[in-house]
Structure formats: C-alpha cells, structure tokens
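Q: I'm new to this structure and would like a close look at a single part. Could you pick one strand and walk me through its surroundings?

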Amino acid sequence: MSITTTAAVARPGAESFTWETVHLEDPRPDELLVRVVAVGLCHTDLSVLDGKLPSMLPGVLGHEGVGVVEAVGSGVTSAAPGDKVLLTFTSCGHCTACLTGRPTQCQTFFTSNFRNTRQDGSTPVSDVYGTPLGGQFFGQSSLAHHAVVSESSVVRVSATDEELPMLAPIGCGIQTGAGAVLNVLRPAPGQSVAVFGAGAVGLSAVMAARLTGATRIIAVDRLPFRLDLARELGATHVVNSAEEDLPKRLAELSDGIGVAHAVETTGVTAVLEQAIAGIAPDGTVAVVGAPAAGSRASFGVLALLDGRRVLGVIEGGSDRVTFIPALLELHRQGRLPYDRLVRSTVPISWTRQSRRPAGAARSSR
C-alpha cells in the first residue's frame with residue numbers, strides 16, 4: 001500500500017522545482033521509508049535540473065537528506081523505525097570496490113546514483129496519475145517530505161532533534177571537500193594545499209587541511225567574502241583570482257616549485273588547467289568539481305612525466321559508514337565548524353522566487 005506525500009519535482013525545461021503530491025511504494029526488502037527532516041540543496045541537483053547532467057526527469061532529486069525512519073523492508077538490518085539517519089550516496093554493495101571499503105569507486109557508481117531509479121530500472125515514486133517519476137537519486141531523492149531510500153544510502157546517527165537538521169550537508173558537500181583532503185590527498189607535515197573555489201566544498205577542504213600537518217593552506221576564489229571566511233576557517237593565504245595573477249601568486253606561495261596538493265572544486269575546466277599547471281613535480285590535483293557532461297580540459301602531457309597526478313574524486317573517497325560519524329564527531333569537538341557555512345535555513349515549503357526547496361540549509365557553496 002503506497003503512501004501519499006509531497007516532493008519537489010524537477011521537470012525538463014523548468015527553471016525551478018515545483019512541490020507536487022506524489023505516491024511512494026512501500027519499501028522493498030532492502031529499502032527504508034524515511035520522514036525527511038531537512039535536506040541540503042547541492043549544485044549537482046541544480047545541474048540536473050538545468051539539463052547539464054543526465055538523470056531521469058521528471059523526477060525527485062536531493063541527496064543531502066536527514067530524517068527519521070518510519071518503516072523498513074524485511075531485509076534491512078542497519079536501522080529500525082524511530083532511528084535518526086543521514087542519507088548519502090549509494091553503491092551496488094557487491095563489486096570488488098564495495099567489498100573492500102571503497103564504495104565511491106563502485107563499478108556502477110554513476111548509474112546507481114545519477115540515473116534516478118533503482119538498480120533494476122524501477123522507481124518507487126509516481127505522480128497523482130500513476131505515472132512513474134524518477135526516484136532514488138543517489139539512493140534517496142530526499143527533496144521531499146518522505147523518501148523510500150536504499151539501505152546502502154543510510155547512516156544511522158545519534159543526534160538531538162535540534163542537531164539533526166544541521167547534519168544534512170555532511171551527506172555530500174562537507175564529506176566531499178573534507179574527504180578529498182583526509183582520504184585522498186593526505187598532506188604530509190610541511191606540505192602545501194591549494195583549494196580552488198571557496199564554496200561549501202572548498203571551505204570543507206580548507207577546514208580538513210587545517211586538521212593535517214599542511215603548513216600552507218591557500219584558498220583561491222573571486223569573491224572577497226568567501227576568501228575572508230576561508231581565512232577564518234584555516235587558510236593561511238588567500239588569492240583573489242579576479243584581481244591577482246594566479247600562476248604568479250601560486251609560484252610565490254610555493255617557493256617557485258608549485259604546491260604539493262590542489263583541490264579543484266569549481267567544475268570550471270580553465271580553473272582545472274590552472275590547478276594542474278600550479279602543482280609541483282610529484283604533486284597531485286584532486287578533481288572534485290563536476291562540469292557539464294562532455295566537458296574537456298587540456299594540459300601538456302610532458303607536464304605529467306615528472307610524477308604529477310590528476311585524480312578524480314567523488315564524495316571525498318569516503319567509506320561512508322566510518323567517515324560520516326567521524327566528521328560528525330569532529331564538528332561536535334569544534335574542529336570542523338561547517339555550520340559557519342550556513343547562512344540561513346528555510347521551512348518545509350517552497351518559495352517560487354528561489355530554486356531552494358525543502359528545509360534546505362543555504363550554504364556559501
């Protein structure tokens with residue numbers, strides 16, 4: 001027996017989401033029904049709405065949800081009704097990467113997360129006329145009052161009712177930026193880290209770099225207020241790329257040899273090219289920002305022969321079961337103050353003047 005709820009539906013060609021009444025199927029054996037308490041709005045959701053990333057539309061998006069479990073399928077063991085849960089990315093659970101603690105490298109990661117259906121191609125969401133809508137975006141489709149989610153997207157958390165809504169950004173943005181530094185780059189003592197783009201993901205990378213032995217943490221952006229916040233959150237140097245010669249400034253800040261590590265969060269291919277040019281021999285660029293499908297960047301092949309590396313990183317290379325609770329604890333200790341990125345929250349309602357639905361935390365991303 002399905003339930004009726006309300007969701008922010010993305011329709012092809014629309015400039016905004018619209019709240020609509022939808023029907024949800026009962027959870028299958030490996031699914032849960034979650035009452036969504038809050039959800040962050042990620043740039044990825046807007047890119048799908050704008051047609052820049054492929055996904056099933058019309059459909060329900062959202063992949064930074066938190067909520068309370070209302071029902072579970074017969075095979076679910078990770079959570080029970082009444083549990084508070086954070087919703088994050090999904091993975092198949094049975095490929096080599098998943099079985100060895102590397103779910104972001106799942107062989108079906110992109111199809112499982114972006115196609116906006118279950119793995120068998122079905123969807124738990126339909127409109128009032130019974131027409132299927134895309135559902136289980138990143139295993140959840142949490143831009144809604146309720147969601148039928150994949151068990152692999154669920155992380156049970158211990159949180160007060162007041163604390164729970166603020167956990168939503170950990171599910172993607174915070175996890176992505178912090179994980180790129182802590183899980184992938186892992187700066188050694190004395191090394192430098194440059195972060196290109198000081199939005200929520202980039203600032204999470206800055207905060208994470210401060211937890212390492214990196215002694216130079218460089219934030220690059222075009223907006224002064226973002227750079228000011230980057231300083232407050234741990235950047236030792238900032239570069240306004242709209243006013244300064246970025247290659248020259250990076251060379252100055254790295255003693256002419258280039259930075260050891262770079263995190264590219266903007267999804268702008270020209271910025272990625274600058275990041276690659278700005279790293280030292282044996283340096284690494286973590287590519288986090290997602291440009292429109294089909295985008296290309298160019299670089300000199302000879303520049304890679306001295307050991308420079310360009311690594312694609314999604315969801316911070318996270319083993320969500322262990323990494324998300326660690327991020328939550330770091331925040332509680334005051335060492336990862338991602339709440340500083342939140343400028344405002346909105347209630348569970350929709351304002352057509354904005355593209356921001358469903359109790360989302362508005363961040364500086």
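A: Here is a walk around one strand and its partners, with a short look at a second sheet afterwards.

A bit of housekeeping: this is a predicted model, where local features need pLDDT of at least 70, side-chain atom pairs count only at pLDDT 80 or more, and totals for chains, interfaces and linings use all residues. Residues are numbered from 1 along each chain as its sequence is written, and side-chain values use heavy atoms, leaving out hydrogens and water.

Let's take strand 15, residues 279-287 (strands, E, at least two residues, and helices, H or I, at least four, are DSSP runs numbered from the N terminus). Of its 9 residues, 7 are buried, so strand 15 is largely enclosed by the rest of the structure; buried means under 20% relative accessible area, with a 1.4 Å probe and protein chains only.

Who are its partners? Strand 14 (residues 259-264) pairs with strand 15 in the parallel sense over 5 bridges, where pairing takes at least two DSSP bridges between the strands. To get from strand 14 to strand 15, the chain passes through helix 8 (residues 269-277), a right-handed β-α-β crossover: with the strands pointing away from the viewer, the path over the helix runs clockwise. Within this pair, V259 sits opposite I279 of strand 15.

Strand 16 (residues 309-312) also runs parallel to strand 15, joined by 4 bridges. There, T284 has R309 of strand 16 as its bridge partner.

Elsewhere, an open sheet of 5 strands pairs antiparallel in the order 9-3-5-6-10. Strand 9 (146-150) and strand 10 (154-156) are at its edges with a single partner strand each, so one side of each has no neighbour in the sheet.

Terms used
Buried < 20%, exposed > 50% of the residue type's maximum accessible area, 1.4 Å probe, protein only.
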